Amino acid sequence: MVSGEQTNPFVPAARPVIGEEEIEAAVRVLRSGMVVQGPEVAAFEQEFSALVEGRHCVAVNAGTSALLLSLAALGIGAGDEVIVPSFTFAATANAVSLVGATPVFADIDPDTFCLDAEAAAAAIGPRTAAILPVDLYGHPAGAGFVELAERHGLALVEDAAQAHGAALHGRPVGAFGQAASFSFYPTKNMHALEGGMVVTPDAEVARKLRLLRNQGMERRYANELVGYNLRMTDVAAAIGRVQLAKLAGWNEQRRANAAKLDAGLDGIPGVLTPVLAPGATHVYHQYTVRVPAERRDALHEHLTGQGVGSAVYYPTPVHRLPPFAEIGAGAVLPATEDAAARVLSLPVHPSLADADLDRVVAAVRSFDFGDLR
Ligand SMILES: *Cc1c(COP(=O)(O)O)cnc(C)c1O
């Protein structure tokens, strides 16, 4: 670097927040000597329930565990089919397979990237036990599934791992189904280092969840069923509580950042900015644009060269990943394939300064999209 030259640090695609408050909370618990699931977990569950209309909340060690337990607690297992989108993180389908059920892949709505209600309806068969929509990128998956699940006597399980605080017509995600799961992985809208939360309106299901996460015990050595150890530590919960208190502000900042990107990227031929369903409150876990498939990877390289992080979530639809290729062999999912080929997520996290967002916009604008006709 030439002396006196302006240094422009890389604008990262994501930046987990581990601030002084989080560190103090963790240290406070460590110093107490009581670090396993205890009062911090109980308080975190209580506080999180305010986000989901007061539903029962059960904290676990990861979002994948939350998804797994939500299915297990509803009695979904071997012989059952669960309808899932293929355009998601593999954890969604992994959880279905891990309880012994079979994921059935259905296509997405090309606008919102979330499971399409009509496609899900068409995938219902005699073995279907549940529908598992994903609030992808922080966009609520849709209320259409409540009625659909009820009409067919199916469970509705929400994968809200990317959508803490998102809502549809004012109703928060996590409050639609018989169970919902959230993730507290570091890059999610809020984190607990690692962690997850299962949400349910049913006290009996909540009790089963508590048993399943802890070896089937409510009282020590009084095991009632075969369970796992998926407990959250009090250290993680203490960090989660700090983050939860900041979630609303961070989500506001994400929306403000998205609005700035929307305005800055408006009118670039070849760039399609995020589309919201009517009534959707988006929390922009990702800000994902669609660009021509044949220029997507070149745009990513160009942005990297300009000091701007970007990422493709998800380049390979789950039904074509090796573990699911056999199950998914017959799936015809044109909107999923199109999205996988065209999406690129740009930085939108709440730590970005206005100047960072300007740099993101300028970097996209300086890219040669070529002949788009
Ligand atoms: C992150 C994520 C998960 C899994 O959460 P972990 O905490 O990483 O186990 C599940 N589903 C989706 C859609 C996710 O983005």
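Which residue in β8 is the bridge partner of Val157? The answer is Ala179, and that pair is a handy way into this predicted model. Around it lies an open sheet of seven strands with mixed pairing. Below you will find the sheet, the helices that pack on it, and two residues to look up in the structure.

**The sheet**
- Reading across the sheet, the strands come in the order β1-β9-β8-β5-β4-β2-β3.
- At the edges stand β1 (56–60) and β3 (102–106); each has a single partner strand, so one side of each has no neighbour in the sheet.
- From one strand to the next, the twist averages 25°.

**Two strand pairs to compare**
- Strand β5, residues 155–159, runs parallel to strand β8, residues 179–183, and three bridges link the two.
- Val157 and Ala179 are bridge partners in this pair.
- By contrast, β1 and β9 run antiparallel and are joined by five bridges.
- Here you can look for Ala59, whose bridge partner in β9 is Met197.
- Although β1 stands at an edge of the sheet, four of its five residues are buried, so this strand is largely enclosed by the rest of the structure.

**Helices on the sheet**
- Helix α6 (residues 144–151) packs on the sheet, where it touches β4 (128–131) and β5.
- The direction of α6 makes about 150° with that of β5.
- Helix α7 (residues 203–213) also packs on the sheet, touching β1 and β9 (196–200).
- The direction of α7 makes about 10° with that of β1.

**Lys188, an annotated position**
- An unreviewed UniProt entry carries the annotation "active site" for Lys188.
- You will find Lys188 in the loop between β8 and β9.
- Is Lys188 buried or exposed? Its relative accessible area is 15%, and Lys188 counts as buried because the cut-off is under 20%.
- Apart from neighbours within four places in sequence, Lys188 is in contact with Ala161, Gln162, His164, Ser183, Arg254 and His285.

**Ala13, ahead of the helices**
- Ala13 belongs to the segment before α1 (20–32).
- With a relative accessible area of 27%, Ala13 is partly exposed.
- Which residues does Ala13 contact, leaving aside its neighbours within four places in sequence? They are Gly309, Ser310, Pro347 and His349.
- Ala13 and Gly174 are 161 residues apart along the chain, and their C-alpha atoms are separated by 26 Å.

Key: Residues are numbered from 1 along each chain as its sequence is written. This is a predicted model: local features need pLDDT of at least 70, side-chain atom pairs count only at pLDDT 80 or more; totals for chains, interfaces and linings use all residues. Side-chain values use heavy atoms; hydrogens and water are left out. Two strands pair if DSSP finds at least two bridges between them. Axes are lines fitted to C-alpha atoms, for helices over the stretch in contact, and angles run from 0 to 180 degrees between N-to-C directions. Contact means heavy atoms within 4.5 Å. UniProt positions are given in the numbering used here, feature names are shortened, and annotations may be inferred rather than shown by experiment. Buried means under 20% relative accessible area, exposed over 50%, partly exposed in between (1.4 Å probe, protein chains only).
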